[in-house]
Amino acid sequence: MNVIVVVLVLLPVAVLVAAAIAALVSVRRSSLRITADGVEIRNYPQPPKLIPLVQITRFEATVPVGNFPSLRPQTGVLVLADGSRVPVRQLSDPEAGRGIDALNDRLDSLREA
């Protein structure tokens, strides 16, 4: 009887830990590159997608929701000129730095050039 209770208590904890590890791996293996050609987004395990600069408006932060919003990895959204939104799992670029403001500054500098 005690084994069943232990399993029933530990199983949800193990599922939560596995989900957190899967989310972290997904974010760590994703990439983002901002170049003069456009923004290349690779949300692991999907293939890379290149979006031209003329179609891009800005980056925005994703509003954390759910029961444990502080445990959710930092992600963002790329807002396109037509109003559509593309999820972005990685918020850093080697040329721009880290964070929404740095990514938007990089976009602005490339548009001015």
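## A salt bridge within helix α2

D108 is partly exposed, its relative accessible area being 38%. This value, like the others in this report, belongs to a predicted model. The side chain of D108 meets that of R111 in a salt bridge, with an N to O distance of 3.6 Å. Both residues lie in helix α2, three residues apart, about one turn of the helix. R111 is partly exposed as well, at a relative accessible area of 36%.

## The network of R58, E60 and R85

The model has three salt bridges by the rule applied here. Apart from the pair in α2, which residues do salt bridges with shared partners join into one network? They are R58, E60 and R85.

In this network, E60 forms a salt bridge with R58, where the closest N and O atoms are 2.5 Å apart. E60 also meets R85 in a salt bridge, at 3.1 Å from N to O. The pair of R85 and E60 links distant parts of the chain, since R85 is in strand β6 and E60 is in strand β4, 25 residues apart. R58 has a relative accessible area of 36% and is partly exposed. R85 counts as partly exposed too, at 47% relative accessibility.

## V77 beside the network

V77 lies in strand β5. Is V77 buried or exposed? Its relative accessibility is 11%, so V77 counts as buried, the cut-off being under 20%.

Leaving out residues up to four places away in sequence, V77 touches R58, F59, E60, T62, R85, V86 and V88. R58, E60 and R85, the members of the salt-bridge network, are thus among the contacts of V77. Along the chain V77 and R58 are 19 residues apart, and their C-alpha atoms are separated by 8.5 Å.

## Helix α2 and its packing

Helix α2 covers residues 100-112, which makes 13 residues. From its first C-alpha to its last the helix reaches 19 Å, close to the 18 Å expected at 1.5 Å a residue.

The buried residues of α2 are I100, A102, L103, N104, R106, L107 and L110. These buried residues pack against several strands: β1 (31-34), β2 (38-42), β4 (56-61), β5 (76-80), β7 (92-93) and β8 (97-98).

## The largest nonpolar core

In soluble globular proteins, nonpolar side chains tend to be buried together. The largest nonpolar core of this model has 17 residues, and those with the most contacts inside it are V39, I41, I56, F59 and L78. Two or more residues each come from β1, β2, β4, β5, β6 (85-88) and α2. Which element gives the largest share of this core? Helix α2 does, with four residues.

I41 is one of the residues with the most contacts inside the core. Beyond residues up to four places away in sequence, I41 touches S31, L32, P47, P48, K49, I51, L78, V86, P87 and V88. L78, in this list of contacts, is likewise among the residues with the most contacts inside the core.

## Helix α1

Helix α1 spans residues 2-28, and V15 lies in it. V15 takes part in a nonpolar surface patch of about 380 Å², made together with V3, V7 and L11.

S26 is also found in helix α1. With a relative accessible area of 15%, S26 is buried. Its contacts, not counting residues up to four places away in sequence, are Y44 and R89.

Technical notes. Residues are numbered from 1 along each chain as its sequence is written. This is a predicted model: local features need pLDDT of at least 70, side-chain atom pairs count only at pLDDT 80 or more; totals for chains, interfaces and linings use all residues. Side-chain values use heavy atoms; hydrogens and water are left out. Patches are made of residues with over 30% relative accessible area and no salt bridge: like charges are joined within 9 Å, nonpolar side chains (Val, Leu, Ile, Met, Phe, Trp, Tyr) within 5 Å. Accessible areas come from the Shrake-Rupley method with a 1.4 Å probe; for residues, only the protein chains shown count as cover. A salt bridge is a side-chain nitrogen of Lys or Arg within 4 Å of a carboxyl oxygen of Asp or Glu. Buried means under 20% relative accessible area, exposed over 50%, partly exposed in between (1.4 Å probe, protein chains only). Contact means heavy atoms within 4.5 Å. The expected span of a helix is 1.5 Å times one less than its number of residues. A nonpolar core is a set of buried Ala, Val, Leu, Ile, Met, Phe, Trp, Tyr and Cys residues joined through side-chain atoms within 4.5 Å.
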